[in-house]
Amino acid sequence: MSLLDTVAERDGWRCWVCDEPVDPDMSVNDPRGPSVDSRTADRKARVVERLAHRGCNTRKGAVDVVIAWPEHLYVVEPAPLITVAARLERKGGREMVARCPTERDAREAADWLVDRFSRLVPGLPVTAEIEPGGGQFLVTVATGRRRW
């Protein structure tokens, strides 16, 4: 089995950048086709290869990657998830990532965050918490130690 197939099977044929499905039958030369990405230019870093669309992989080389929050989530001041993921990987701990007007909005955001981080940073156990305060609900993510 090739590296591409191995990585794609592990990642469930989903692009780590846009979180959309990757078609295994698409040409690797097509922008929506599969490619393997290491997420970093630092050759010394211990980084697992990830599946990405060819276009997402190419585009991230020219600009910083931004993981989009879904439009259906009602969040205020959402944190840049790549930055949050990098800090949690490096230091662990807990970070506030968004504010929501209702507890239901906060729960939807928290559930999405746990699911998204499971693909964004596999092996990093992430939980999400909701805290009421000031007439709004704060969503935080926290992690323990990384599982390799």
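1. Rings of Phe, Tyr and Trp, with the six-membered ring taken for Trp, are treated as a pair if their centres lie within 6.5 Å, and by this rule the count in this predicted model comes to one aromatic pair. The partners are Trp-69 and Trp-112, whose ring centres are 5.3 Å apart and whose planes make an angle of 40 degrees, an arrangement that is classed as tilted. The angle falls in that class because planes under 30 degrees apart would count as stacked and those over 60 as edge-to-face.

2. As to where the two rings sit, Trp-69 belongs to the loop between helix 2 and helix 3 (81-91), while Trp-112 is part of helix 4 (residues 103-120), so the pair ties together parts that are 43 residues apart in sequence. Both Trp-69 and Trp-112 are buried.

3. Asn-57 is a residue of helix 2, which covers residues 54-62, and with a relative accessibility of 14% Asn-57 counts as buried, because the cut-off for that class is under 20%. Its side chain reaches the backbone oxygen of Val-36 at 3.3 Å. When neighbours within four places in sequence are left aside, Asn-57 is in contact with Ser-35, Val-36, Asp-37 and Ala-52, so that Val-36 appears both in this list and as the partner of the side chain of Asn-57.

4. Thr-83, in helix 3, has a relative accessibility of 35% and therefore counts as partly exposed. Measuring from C-alpha to C-alpha in the model, Thr-83 and Val-66 are 9.1 Å apart in space, with a separation of 17 residues in sequence.

Note on methods
Residues numbered from 1 in each chain as written. Predicted model: local features only at pLDDT ≥ 70, side-chain atom pairs only at ≥ 80, totals over all residues. Heavy atoms only, no water. Helix = DSSP H or I, 4+ residues; strand = E, 2+ residues; numbered from the N terminus. Buried < 20%, exposed > 50% of the residue type's maximum accessible area, 1.4 Å probe, protein only. Polar contact = N/O pair within 3.5 Å; in protein donor to acceptor, adjacent residues only side chain to side chain. Contact = heavy atoms within 4.5 Å.
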